[in-house]
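Subject: Structure for you to look over

Dear colleague,

I am handing over the structure that I said I would send, together with notes on what was found in it. Please open it alongside this email, so that you can follow the residues as they come up.

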Amino acid sequence: MARAGRKLDSYDETDVRVRANPRGSRPRTKSRPAHEDAAVGMVITVDRGRYTCLIQDKKKSRTVTAMTARELGRQRIVVGDRVALVGDLSGSPDALARIVRVEDRTTLLRRTADDTDPVERVLVANADQLVIVAAFTDPEPQPRMIDRCLVAAYDAGMEPLLCLTKADLVIAWQEDAVLDMYRPLGLPIVVSANGSGAEGLAARLAGRTSVLVGSSGVGKSTMVNQLVPTATRATGRVNAVTGRGRHTSSSALALELPGKQGGWVIDTPGVRSFGLAHVDVNRLIDHFPDLAEGTGNCPRGCQHDSMAPECALDAWVAEGHADPARLASLRRLLDARLSGEPTVTAAED
C-alpha cells in the first residue's frame, strides 16, 4: 500500500526492497563430490532398479543393496560392473547404499533386438570369457546363433568357449557333424552328457569371469547348479510342440566359483535373438577367421554378401577350406545389414 501523501507514479526501482533468499545466497556450482572414500563393489544382480553388490574388503565380504545416485543420470549399470558405493554399507536387510560411480570397464557384451535396431542392450560388463551353451538336441542346435555369439565375443574382446550339452541324447555321427563345423576354428569345446562334464568346464572357468549365453532349454542353469552347488537356479523342460525351452532365469546373476583358484560365472536368461547392429559391417568377415583367409582373391571392394560378383569365398568353400554352413551364416548376416531388413530371430535360424 502506498504511503499517505505520495502518489503511485512517484515510485521507481529504488523503492523496491530486496530481501536476501537464505537458500539461494550461495553461488551454485556444477562440481560434484569425488567420493574418494567410497567402497568398491561388484554388481552381482539387478532387480527393478535395485542393485545387489558384493563388497570384499579386509573386514569381511558382504552384499549390499544399492540404488543409483542422481549424478549418474541415466547411465546403465549391469551385472559385472565394478561400482563405487557410499551410504549404509552394513549389508543389513533394511540398509540402502548409493552407487556414485561406475569404474572403467574392460569388456562389454552387447546385443541388439535385430540387425537394424540402433538400440544396444548391454548384457554383462568386465567378463573375459563368453561360454556359448548349445544342445546337440532338444532343442536342436542353431549354428547361426552360435556364429552370432562368436562374433559378439570377438567384437567385445572376449575369448569364446563352446559348451555342447545333451550328448547322451544323440548318436556319434550327429555329435561329430556339429563338432566338425567348429573344430577347424581352434575353438575350445566342452561336451556334456547326461549332466556330466561340469568338471571339464570348471577347469576352463577357474580364475576367470565367464558369462553363459544360450537359448532357453539348453541346460545353462543345470550347468550352473553343478558348478556352484549353492546356486539353486531354477530349471525347466523343453516344450515338446515348439521345441523351445521356457525361460527359468529372469535376470542375470553372478556367482563366485568354489575352489582355490576362484573365478566368477554369470548365468543369463535364455535368448531367442542376438542382433549385431552394433558391430561394424566391414569387420564382420574378420570374425570368421576360417573364411577371412579366403578373401585374398576377391575383387577390390567386395562385400562378400550373396550378391557380390566374383566373390572368392565360393571357391574357397568348394575347395574344402571352410564349411558351407559358415559361409551361409556370414552372408545371412551381411545381407541383413546391407539390405536394412531385420533378420535375426533364433527360431528362424
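The notes below begin with the whole chain, go on to the helices, and end with some loop residues.

Please keep in mind throughout that this is a predicted model. The secondary structure of the protein comes to seven helices and 13 strands, and of its 349 residues 45% are buried. Among the contacts with a separation of 6 or more, 66% are between residues 24 or more positions apart.

The helix I would look at to begin with is H1, which runs over residues 143-156 and has 14 residues. From its first C-alpha to its last, H1 reaches 20 Å, which is close to the 20 Å expected at 1.5 Å a residue. How many of the residues of H1 are buried? The count is 11 of 14, and the helix is thus mostly covered; the buried residues include Met145, Ile146, Cys149, Leu150 and Val151, and also the charged residues Asp147, Arg148 and Asp155. These buried residues pack against a mixture of strands and helices, namely strand E6 (108-111), strand E8 (129-135), strand E9 (159-165), helix H2 (172-182), strand E11 (209-213) and helix H7 (324-339). Just after H1, Gly157 takes a positive phi of about 80°. On the other side of the helix, in the loop between E8 and H1, you will find Pro139, which is joined to Asp138 by a cis peptide bond with an omega of about 5°.

The packing of H1 against H7 can be described in some detail. Their axes are 10 Å apart and the packing angle is about 65°, and the two helices are therefore roughly perpendicular to each other. H1 passes H7 in a right-handed crossing. On the H1 side the contact is made by Arg144, Asp147, Arg148, Leu150 and Val151, and on the H7 side by Arg326, Ala328, Ser329, Arg332 and Leu333. By class, the residues of this contact divide into four nonpolar, one polar and five charged.

A second helix pair is formed by H3 (residues 198-205) and H4 (residues 220-227), whose axes come within 10 Å and cross at roughly 75°. H3 and H4 are therefore also roughly perpendicular to each other. Here Ala198, Leu201, Ala202 and Leu205 of H3 meet Met223, Gln226 and Leu227 of H4, and the contact has six nonpolar residues, one polar residue and no charged residues.

Turning to the loops, Leu185 lies between H2 and strand E10 (189-191). Is Leu185 buried or exposed? Its relative accessibility is 17%, and because buried means under 20%, Leu185 counts as buried. Leaving aside residues up to four places away in sequence, Leu185 touches Leu150, Asp290 and Arg326; of these, Leu150 and Arg326 also take part in the contact between H1 and H7. The C-alpha atom of Leu185 is separated by 7.3 Å from that of Pro289, although the two residues are 104 residues apart along the chain.

Val170 sits in the loop between E9 and H2, and at 15% relative accessibility Val170 counts as buried. With residues up to four places away in sequence again left out, Val170 touches Phe136, Thr137 and Glu175. The C-alpha atoms of Val170 and Ala193, which are 23 residues apart along the chain, are separated by 9.7 Å.

Finally, there are two residues other than glycine with a positive phi that I would ask you to inspect. Asn126, in the loop between strand E7 (121-125) and E8, has a phi near 65°, and at 14% relative accessibility Asn126 counts as buried. Glu310, in the loop between helix H5 (289-292) and helix H6 (313-318), has a phi near 60°, but at 69% relative accessibility Glu310 counts as exposed.

With best wishes

Conventions:
Residues are numbered from 1 along each chain as its sequence is written. This is a predicted model: local features need pLDDT of at least 70, side-chain atom pairs count only at pLDDT 80 or more; totals for chains, interfaces and linings use all residues. Side-chain values use heavy atoms; hydrogens and water are left out. Helices (H or I, at least four residues) and strands (E, at least two) are DSSP runs, numbered from the N terminus. The expected span of a helix is 1.5 Å times one less than its number of residues. Buried means under 20% relative accessible area, exposed over 50%, partly exposed in between (1.4 Å probe, protein chains only). Contact means heavy atoms within 4.5 Å. Axes are lines fitted to C-alpha atoms, for helices over the stretch in contact, and angles run from 0 to 180 degrees between N-to-C directions. Angles under 35 degrees count as roughly parallel, over 145 as roughly antiparallel, 65 to 115 as roughly perpendicular and the rest as oblique. A crossing is left-handed if the near helix is turned anticlockwise from the far one by less than a right angle, and right-handed if clockwise.
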